[in-house]
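Colleague: Please take one packed pair of helices and go through it closely. After that, set it against the rest of the model.

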Amino acid sequence: MSQHLITLMILLPFVGAILQAFVPNPPGAGRWIALAASVLASVCGVALVASLQGQTADLQAIESLPWIGSFAISYEMGIDGLNALLVLLVAIIFPVLVGYEWNQKLGRRGVHGLFLLLQCALFGTVCAQDLFLQFFFWAFTSIPVYFLVAIWGGEERENAAFRSLVAASIGNALLFAALILIYYSVEPHTFALKELAGGRFSARAFHLFGSEFPVSGVAFALIGAGLALRIPVWPVHGWFTQIAEEAPPSVLVAFAGATVPVAIYVFIRLTYALFPEILSSASGTIMAVGAMNLVIGGICAVAQRSLRPLLAFVCLGQVGFMLLGIGSLSSAGLVGAVYQQFVVGLGLAGFALLLGIVIDRVGHADFMSGGGNKGERSFGGVAVRAPTVAIVAGIFIASLLGFPGSGGFVGNALVMIGSYSALPGLVLLAGAAVLLAAYYLFTMYRHVFLGKPRAEGAEFKDLSLRERALILPLAASLLAFGIYPKPLLELVRPTVLTLLSTVK
Amino acid sequence: MITLPELPVLLVAGIAYFLLAGLIILIWGRRLSRHGDWLAWSGVLVALGVFAALAGALAEEGYRAWHLGRGWVGSPGETGAIAVGVLEDPVGLAVALIALALTAVAFSSRQLILKEPRPERIYAALSFSTAGVALSWISLTPWLAFIGIGLTVLGGFFALGARWEENGEAALATRFVIQRSGGLILAVFGACGLALSRAGLSWGDPASWSTDAGLVPVDLIGGICLLAGLFVQLQPFPFLGWALTPSGVPTLLRALSTQIFPGLATFAVLIRSGAELERMGLLVPFGWVQLLSVAFAVGAGLFQSQWRMGFGAWLSSAFSITSACLVFSGPANAFSLLVGVALGGTAVAGCASSLGFGGSQSASNRSRALWARILGFAGMATATGLLLFAPAGGFIQWISGAWNDPLVAALFALAIFAHLCLGWKLAWQLSFVKNLVQVPWVSVLSPVLLVLFGLAVAWRGSLTGGAIPGDPDRVAPSAIELFFNGQSATGILEESAFLGASGTFWTSLVVALALGYWLARKARQRKEPQELKGVALFVAEGYRVDRGAERGLKLIARLGGQVVEAIDERVWREWLPRGADFAIRRIAALAMAIDTRLLSGLRLALRKCVDAPAAGLQLIQNGNIQWYIFFAIGSGVLMLLHFMRS
């Protein structure tokens, strides 16, 4: 059983999605099946991570089966320090999302089914060790998101969903082109990561229109461009801000809290494993893109008067931080980036969920009045009526800003330490962006939670028992991993050091 | 008897208990009896017990420092690692006890706290702040100290939060937390830069601060960011604007939770890291900047119409003066000034909260009011080092250390004089207030504890605190010399320099006393609050730095709005969709046109292929006999020719 834990972890949500959709009366049975499937899959994930041996970079819990033999495509799964935290992240977030949509009146089975499919796809993406298989799961993630936004989103949901699907499709197409290029550049042809690792095709080139192009350079560029369209990287992020405005809070959580960190993981896995020599020369560019994300994300966030786009730009900034660590090519920087995937995922997930609750209660998302922003509607004084919401929001903000003692501090500090050695100037820019983040996050906090309670918030209630059960564990995890990050860091470090040794 | 190695867990547990008590009071304080003050007091007592155990253990070991370190992120001793730990030394113990004393005085002002709309937030705030100060001073590395500073910021936020429901107070609390958070973030950034090439940054192990490579640019960047962050925490100019903004929170609570406790926590990092920062050559510019800030802070303070705003400016100036003393005279003398600021400043603030224009001059209040005024005066004496109080020796030794450079010594003396002037103006203004808010005797007299703690004999072992060369009035060992390994011994200074510095200081103090009285009388004689104009208004508003910062942020917001408008709205929602739509339609139209042409061409070719034989076949069917005969004869001839060839 333990040998097939990964497969079980992936299959359970898939089976649960189908079962809950077709189970007959009573009507509530479906949601219990959905929750059970999600929780069981998460338990498998947590058990998998807990059973990992630390101090080793080797792939563990390996499952390997031939799939499409004629094209050397195999079902190959495994877990190591690089993807363990992502497994944990997905395992924590998705049962929360299923619980959040517990009382969804419109098409609850559809929502639950789509979340389960997304959970299945994300687990598959994270654990896959065959490029084709990874691409298969990764490309699949765009479909549930499309339907979730298109059916349950806001007024312009169709536009937003369509735009995200187009961006995802273009990104996936570029990624697939890179995979095909890599596949045909090696003899014998293979998609297996372990066989392609170390830049086996670095000396290869292909001819097009009479010119010669290096395989690794072109493939790296295609992968970078393809993933840039799935991660919100400025300036190709426009679809993401629209998703943030139109998607239901739970979908935004699934996106910002899970899909974005997984996209970054895919980038780390592919670039460090397959393109070590290209990475050395591209590291400055990656860091520059990260710094640009941070700075421009921060500047754009300052201008926001609505909670949803503010969250989108906060996410943009956090992605910038992770890219800074990835490009630093240092152990501290990369460990920090990997750790940041986990804590930022948790932080954004919890924060988005909390803001979603607040928006649902108040009925709109505009926290600052004036400036052509739908008249005088604004928040105020939520802390009086809902102190738990205010305290928990404070914890998430502290983590996003990287205050010592919170989960975000560990990742931020490591990324800073690692990035200083590479490009100190960019680190200073990053610092300025974080200072700006303190300004706009606390300003938002003041407008939403402090001050005189507005009359329209008179019915605002504090978190219900169900909501506390969903959100408090996220906040508690952030504090716990901020105070005691050692177990997770010891999982990550050996794999990171091994990856870096191939680059250097 | 608990030994030093057994104490770290106990110390952390004691601080954690205080923190937890504060959290419980914050969340459930309204439901607890007396708003949970009994829980807050229990935190004080537990912390006191724990630090008393530390005192005993240190005494057993001859007051030698002891430390325990642990890896937090990375292995200890590894370059770039983030380590934490506990440093048990007499300095940390002393400051923790001072913090507890200040908190006890604040808690004893129960009537004051109960007047606040949300008293439980005040108890929680002071609990967090005290825990933060204690944590900062027992921390072995900057990282835990940053958590301590963060706790004091949180405490300040909650103290102001007693009135969050008012928009103005909410804005003030937000400004406070934004500024302090920014400072903390900068300090963390700086420490990360220093950590890059060092193993642990442990204050118990100076070797952990040395690097093999010598000073590199990253060290300078890290050091500058660290100092900048600590600078912001101390709220000197240009971060003064917040302190000059009025608030409804009583002076004692506001001063303690938003200036004194954060300042005490910040000095843990400054004093402990001072030697290393000096080796990097960063400390001296920091000191000069702080001296300049004194001038600006005093200027702003003198023009304030409200006493409490002037006091806020004076506290800012006090921390700046203390920082400058640390740079130019060393940690021992700076510590004596810090003790004066903390104890004396709190005593003055406590008395100011008791005396108030909303009170009465009833007979029963007169003696209490008199005591409050006396203790207010005594508090300022504690803070400024009037005879018998700790800071005097610090000021004198500071000036005498620079005596060989008259210009520098004059600048130091001028800064000190300006600081004393403002302080004594405030003290005299207090002494003119006859009204007393209805407070019990314990609230009025609790500053006595602080004044007694501030006596020079408690810290320097001599009655005048090192104001007389050679210390002939020494009656006990000097605690400060014990804290800082024999520094601040007066015997090492030249007697002429010492006499000159001493004369300068005492003259400055007497003149400041007189000038302060005159300024206070002038302020009192103005019946209406003064309407300032021009330069005076500019200075009183903190040199309008905050307005400039606001404008800067609005510019950034406008820029952000334009970027969002350009990229998100125009490019992504208009141009890209339109462009894609246009391109796809054009390509589709082109394809349609090609398709149509191809089809029609095909049709044409097909027709032509079909027309010719069709025309021929039609000829056969047209019923014209000559065509039948022609085809018949023609076919016959063709057959004949075919067979003749074969």
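Modeller: In this predicted model, H2(B) and H5(B) run roughly parallel to each other, because their axes cross at roughly 15° and angles under 35 degrees count as roughly parallel. The two helices cover residues 37–60 and residues 119–138 of chain B, and their axes come within 10 Å. The crossing is left-handed.

The residues that meet can be listed. From H2(B) they are Asp37(B), Ala40(B), Gly43(B) and Ala47(B), and from H5(B) they are Tyr123(B), Ser127(B) and Ala134(B). By class, this contact has 4 nonpolar, 2 polar and 1 charged residues. The charged residue is Asp37(B). Gly43(B) and Ser127(B) make up the polar part, because Gly and Ser both fall in the polar class here. Ala40(B), Ala47(B), Tyr123(B) and Ala134(B) are the nonpolar residues.

A second pair, in the other chain, is useful to set beside this one. Helix H4 of chain A, residues 108–127, and helix H6 of chain A, residues 142–152, have axes that come within 9 Å and cross at roughly 155°. That angle makes H4(A) roughly antiparallel to H6(A), because angles over 145 degrees are counted that way. The crossing of H4(A) and H6(A) is left-handed. On the H4(A) side the contact is made by Gly110(A), Val111(A), Leu114(A), Leu117(A) and Leu118(A). On the H6(A) side, Pro144(A), Val145(A), Phe147(A), Leu148(A), Ile151(A) and Trp152(A) take part. This contact divides into 10 nonpolar and 1 polar residues, with no charged residues. The polar residue is Gly110(A), because Gly counts as polar here.

Now the chain that holds H2(B) and H5(B). Chain B contains 23 helices and 3 strands. Its radius of gyration is 39 Å, whereas a compact globule of 646 residues would have one near 26 Å. Along the principal axes, the C-alpha atoms of chain B fill a box of roughly 155 × 60 × 55 Å. Buried residues account for 54% of the 646 residues. Of the contacts in chain B between residues at least 6 apart in sequence, 78% join residues at least 24 apart.

Chain A has 20 helices and 4 strands. Its radius of gyration is 22 Å, which agrees with the value near 23 Å for a compact globule of 504 residues. The C-alpha trace of chain A spans about 70 × 60 × 45 Å along its principal axes. In chain A, 61% of the 504 residues are buried. Counting contacts in chain A between residues at least 6 apart in sequence, 79% join residues at least 24 apart.

That leaves the place where the chains meet. The contact takes 40 residues from chain A and 42 residues from chain B. On the side of chain B that touches chain A, four helices each supply at least two residues: H6 (142–160), H7 (167–195), H8 (217–233) and H22 (545–621). H7(B) gives the largest share of that side, 16 residues. By class, the side of chain B that touches chain A has 30 nonpolar, 9 polar and 3 charged residues.

Notes:
Residues numbered from 1 in each chain as written. Chains lettered and ligands numbered in written order. Predicted model: local features only at pLDDT ≥ 70, side-chain atom pairs only at ≥ 80, totals over all residues. Contact = placed C-beta atoms within 7 Å. Axes fitted to C-alpha atoms, helices over the stretch in contact; angles between N-to-C directions. Parallel < 35°, antiparallel > 145°, perpendicular 65-115°, else oblique. Left-handed = near helix turned anticlockwise from the far one by under 90°. Rg over C-alpha atoms; globule rule 2.2 N^0.38 Å. Buried ≥ 20, exposed ≤ 12 C-beta atoms within 10 Å, placed from the backbone.
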